Amino acid sequence: MKLTNFVNGQWQQTEQAEFRPVLNPANGEELAQVRMSTEQDVDLAVQAALKAQKKWANVPAPKRAAYLYEIGRLMKERKEQLAQVLTKEMGKVIEEGRGEVQEGIDMAYYMAGEGRRLFGETTPSELADKFAMSIRSPIGVVGLITPWNFPVAIATWKSFPAIVAGNTFVWKPATETPMMAYEMAKIFEEAGLPEGVANIVFGSGQEVGTALIEHQGVRVISFTGSTETGRKVAEAGGRNLKKVSLEMGGKNAVIVMEDADLDLAVEGILWSAFGTAGQRCTACSRVIVHAGVKEELQKRLLSKMEALTIGDGMDESVKVGPVINRQALEKIHSYIEVGRQEGATLLVGGEILTGGIYDKGNYYAPTLFTDVKPDMRIAQEEIFGPVVSIIEVSSFEEAIDVNNGVIYGLSSSIYTADVNRAFKAQRDLDTGIVYINAGTTGAEIHLPFGGTKGTGNGHRDSGVAALDVFTEWKSVYIDYSGKLQRAQIDNDI
């Protein structure tokens, strides 16, 4: 199967196009071939989006929302098929694949509801016989750049609020996971979304991503990916005065205090650290544990890690799937030597798995370091794999300081039975998401998603806050006095 661009409601021709294989990370099998597009392809898509946008913006918001209800219905109808495609091309276990598709379904219905709630404000004017209000307005053409680790969920976080707000978009999915974008394009088409509203251009970040960011017809860029790339996106957006929304890396921690339910904490750590093989921006990669319970927590965690099944995510019994590709495997493994050289103790894992099914895929053993100091590289840098560092602390205050002592600020968690500590933690942890007695993952679509510091630039995906990325505020004044009235001059309060 050859995956081609979806532009202006049409599947583009493939003559003289370059293609790249899409590989199953579990076994190396070729699933499809994806088009590697050019700057000209991006321009074609942007022009289609520009042409469609004014007409689309004039469609009443509740009618725009009706398309999202239909998209959600189609996604629900095809949930299992979509989950299987996702697992085959990305690697996460099928249970997680189903959960991710459900997140997209939830987002469709949630944002469809916003079609009747694109609220502005009315406010009294300081002048007589004058009415004042603010309304949300669409911005225009939106460029979406999404990663491979959540190829459905993150795409829906961005595209669905853009649609309901009256924008059109050009979407560049990750080259590792284009099949999910292809499936979503088919759903957009079947749902009857008007031509030019949704456009998908496959290709590399270097070629397609850069062209999309630099194109003068694109007024908003919404990007999820690495902090390094995000900085470049922000720089280019700043030069061109575009609105840029960034969701980037994380170095998330679970804090375990001496009064914590240790069994509950272990379950939360396992799910947060090794779900999606640690390839989540919200993955737990640090466990900050009180000295009084460190040895016991470590013992229980090791016991549970030994029971983790690793393999092809299509196998319902598997709990940890492969990592996305060979490059990721090698990057993860390079950090093991870094940790050893820094003086950390490797308790388990730290190896590329080989033999049997492992030889054909990209499998890394769930890994646990202890005796880790807060300033070590393995405790500071995003590894993006199934690697966890245990850091010992002696107090609640030290735990908070260690959590905050990284450049990232996405997600954090604390396990404690003390309600006062819980409230202090949610105040003092400088992350965009805080969990109490739960792991670092599990965001729900009706709350804002994003982080502080090196994780983001103040915008949020998901929830009503996502509409702020894809709308602009317009202030409207209606003077029915029949005379010139000058604010601040003719009314000295």
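## Buried residues, and what we're looking at

Let's start with a word you'll meet a lot: a residue is buried if its relative accessible area is under 20%, exposed if that value is over 50%, and partly exposed in between, using a 1.4 Å probe and protein chains only. By that yardstick, S412 is buried, with a relative accessible area of 0%.

What you have above is a predicted model, where local features need pLDDT of at least 70 and side-chain atom pairs count only at pLDDT 80 or more, while totals for chains, interfaces and linings use all residues. Residues are numbered from 1 along each chain as its sequence is written, and side-chain values use heavy atoms, leaving out hydrogens and water.

## What the record says

The UniProt entry, which is unreviewed, annotates residues 11-476 as "domain: Aldehyde dehydrogenase". UniProt positions follow the numbering used here, feature names are shortened, and annotations may be inferred rather than shown by experiment. Across residues 11-476, the chain is 39% helix and 21% strand, and the C-alpha atoms at the two ends sit 41 Å apart. Helices (H or I, at least four residues) and strands (E, at least two) are DSSP runs, numbered from the N terminus.

The same unreviewed entry puts the feature "active site" at E247. So where do you find E247? Look in strand β12, residues 243-247. E247 counts as buried, at 3% relative accessibility. Setting aside neighbours within four places in sequence, E247 is in contact (heavy atoms within 4.5 Å) with F223, T224, G225, C281, L410, F449, G450, T455 and D461.

## Two cysteines, no bond

One of those E247 contacts, C281, is worth a second look. How many disulfides does the structure hold? Zero. A disulfide is a covalent bond between the sulfur atoms of two cysteines, and here it is counted when a pair of cysteine sulfur atoms lies within 2.5 Å.

Why does C281 have no such bond? Because the closest cysteine sulfur, in C284, is 14 Å from the sulfur of C281, which is too far. Seen from the other end, C284 is in no disulfide, and its nearest cysteine sulfur is that of C281, 14 Å away. Both cysteines are buried: C281 has a relative accessible area of 10%, and C284 has 2%.

## Around strand β19

Back to S412, which is found in strand β19. Not counting residues up to four places away in sequence, S412 touches A253, N403, L429, T431, I433, V434, Y435 and T440. With one of them, T431, the S412 side chain makes a polar contact through the T431 side chain, at 2.7 Å. (A polar contact is a pair of N or O atoms within 3.5 Å; within protein, one must be able to donate a hydrogen and the other to accept it, and residues adjacent in sequence count only if both atoms are side-chain atoms.) S412 and I255 are 157 residues apart along the chain, yet their C-alpha atoms are separated by 7.9 Å.

T416 lies in the loop between β19 (411-415) and α13 (419-428). Is T416 buried or exposed? Buried, with a relative accessible area of 5%. Its side chain makes a polar contact with the side chain of D259, at 3.0 Å. Leaving out neighbours within four places in sequence, the contacts of T416 are M257, D259, A260, R421, A422 and N437.

## Two positive phi angles

A277 isn't a glycine, but its phi is positive, at about 55°. A277 lies in the loop between α9 (262-274) and β14 (284-290), and counts as buried at 2% relative accessibility.

S462 is another non-glycine residue with a positive phi, near 70°. You'll find S462 in the loop between β21 (452-453) and α14 (466-470), and at 2% relative accessibility S462 counts as buried.

## Two open sheets

Strands of a sheet pair through backbone hydrogen bonds, either parallel or antiparallel. Here, two strands pair if DSSP finds at least two bridges between them. One open sheet has three strands in the order β6-β7-β22, with antiparallel pairing. Its edge strands, β6 (121-124) and β22 (471-479), each pair on one side only. Four bridges join β6 to β7 (residues 130-138), and T122 stands opposite M133 in β7.

Another open sheet has three strands in the order β1-β5-β4, and its pairing is mixed. β1 (2-3) and β4 (18-23) stand at the edges with a single partner strand each, so one side of each has no neighbour in the sheet. β1 and β5 (residues 30-36) run parallel, joined by two bridges, and K2 has Q33 as its bridge partner in β5.
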